[in-house]
Amino acid sequence: MSLFGAYSICEIGKDAAGVAGNIFAFGLFLSPIPTFRRIIRNGSTEMFSGLPYVYSLLNCLICLWYGTPLISPHNLLVTTVNTIGAAFQLVYIIFFLIYAEKARKVRMLGLLLAVFGIFVIILAGSLQIDDSAMRRMFVGFLSCASLISMFASPLFIIKLVIRTKSVEFMPFYLSLSTFLMSISFFLYGLLSHDVFIYVPNGIGTVLGIVQLILYFYYKSLSTENCREPLIVSYE
């Protein structure tokens, strides 16, 4: 096989992985909809927290900026997935602000302004770096750190599942979407030779596998327990 042929296959594989990652991410972005249907129906945010959406918005904005041609060329699919993600998170935050109590509303608004402020500082600061390689490294480290911390957040859920021996708080489709999106962008990063993409998504893939293993293990355990007889007779 010629060098050009191998390069073409690599590019096709990279684009396929990126498109798949966008599709799986879309499923992930839709996952909070049942929560917000409940919030709208009850007219209150109840005990739900808006922090995950604020943090996800910041993460999407940083990764979106990393994917632009000004920072890392040929990463359009990183820009598209994070643009869609940022739009979803912003809509969720707006709904949260509408239905939250006054004190929580003020706090959420302050956090939202802080997110935009941080993003503007990152954007302006990176544009002050004339060397394109240094600029990419600066934004890349920030996006990598942001993604790793995002993927680390399910560790709390994993701990909860092990402690309670129940998968009630770990929805299957959310875990599956996270795994599929992570492995897609892990492959995308590998084929792009982009360490700032494949390292955090590699960690996300491992955590996704752990979540799925735990889900099937404790799901089967609870099924077996349900099958046990309610009355045991000793003869």
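**Close-up views of the predicted helical chain**

**View A. The salt bridge between Asp194 and Arg136.** Arg136 is partly exposed, with a relative accessible area of 26%. (Buried means under 20% relative accessible area, exposed over 50%, and partly exposed in between, with a 1.4 Å probe and protein chains only.) The structure is a predicted model, in which local features need pLDDT of at least 70, side-chain atom pairs count only at pLDDT 80 or more, and totals for chains, interfaces and linings use all residues. Residues are numbered from 1 along each chain as its sequence is written, and side-chain values use heavy atoms, with hydrogens and water left out. Arg136 forms a salt bridge with Asp194, and the closest N and O atoms are 2.7 Å apart. This pair links distant parts of the chain, 58 residues apart: Arg136 belongs to helix H6 (residues 132-152), whereas Asp194 sits in the loop between helix H8 (172-192) and helix H9 (195-227). Unlike its partly exposed partner, Asp194 counts as buried, at 2% relative accessibility. A salt bridge is here a side-chain nitrogen of Lys or Arg within 4 Å of a carboxyl oxygen of Asp or Glu. Helices (H or I, at least four residues) and strands (E, at least two) are DSSP runs, numbered from the N terminus.

**View B. The salt bridge between Glu46 and Arg38.** Two salt bridges are found in a search of the whole structure. In the one shown here, the closest N and O atoms of Glu46 and Arg38 are 2.7 Å apart. Glu46 is partly exposed, at a relative accessible area of 27%. Arg38 is likewise partly exposed, at 37%.

**View C. Helix H8 and its buried residues.** The 21 residues of H8 should span 30 Å at 1.5 Å a residue, and its end C-alpha atoms are indeed 30 Å apart; the expected span is 1.5 Å times one less than the number of residues. Buried residues of H8 include Phe179, Met181, Phe185 and Tyr188, together with the small-side-chain positions Ser177, Ser184 and Gly189. Ser182 also lies in H8 and is buried, at 0% relative accessibility. The side chain of Ser182 reaches the backbone oxygen of Thr178 at 2.7 Å. An α-helix has 3.6 residues a turn, so residues three or four places apart point the same way. Ser175, another residue of H8, is buried with a relative accessible area of 2%. Its C-alpha atom is 15 Å from that of Lys159, which is 16 residues away in sequence. An unreviewed UniProt entry places a "transmembrane region" at residues 170-191, among other spans; such annotations may be inferred rather than shown by experiment, and their positions follow the numbering used here, with feature names shortened. In the model this span is 91% helix and 0% strand, with its end C-alpha atoms 31 Å apart.

**View D. The nonpolar surface patch.** Ile40, Leu90, Val91, Ile94, Phe95, Ile98 and Phe116 form a nonpolar patch on the surface, and together they have about 540 Å² of accessible area. (Patch residues have over 30% relative accessible area and no salt bridge; nonpolar side chains, namely Val, Leu, Ile, Met, Phe, Trp and Tyr, are joined within 5 Å, and like charges within 9 Å. Areas come from the Shrake-Rupley method with a 1.4 Å probe, and for residues only the protein chains shown count as cover.) Helix H4 (residues 76-99) gives the most to the patch, with five residues. Phe116 lies in helix H5 (residues 102-127) and is partly exposed, at 34% relative accessible area. Residues 79-99 are also among the spans recorded by UniProt as "transmembrane region"; over them the chain is 100% helix and 0% strand, and the end C-alpha atoms are 31 Å apart.

**View E. Two loops with exposed histidines.** His74 is found in the loop between H3 and H4, where it has a positive phi of about 65 degrees although it is not a glycine. His74 is exposed, with a relative accessible area of 70%. Pro69 shares the loop between helix H3 (51-67) and H4 and is exposed at 68% relative accessibility. The C-alpha atoms of Pro69 and Thr45 are separated by 39 Å, at a sequence distance of 24 residues. Just after H8, His193 takes a positive phi of about 55 degrees. His193 lies in the loop between H8 and H9 and is exposed, at 68% relative accessibility.

**View F. The whole chain, for orientation.** The chain contains nine helices and zero strands. Its C-alpha trace spans about 80 × 60 × 25 Å along the principal axes. Of its 235 residues, 39% count as buried.

Definitions and conventions. Polar contact = N/O pair within 3.5 Å; in protein donor to acceptor, adjacent residues only side chain to side chain.
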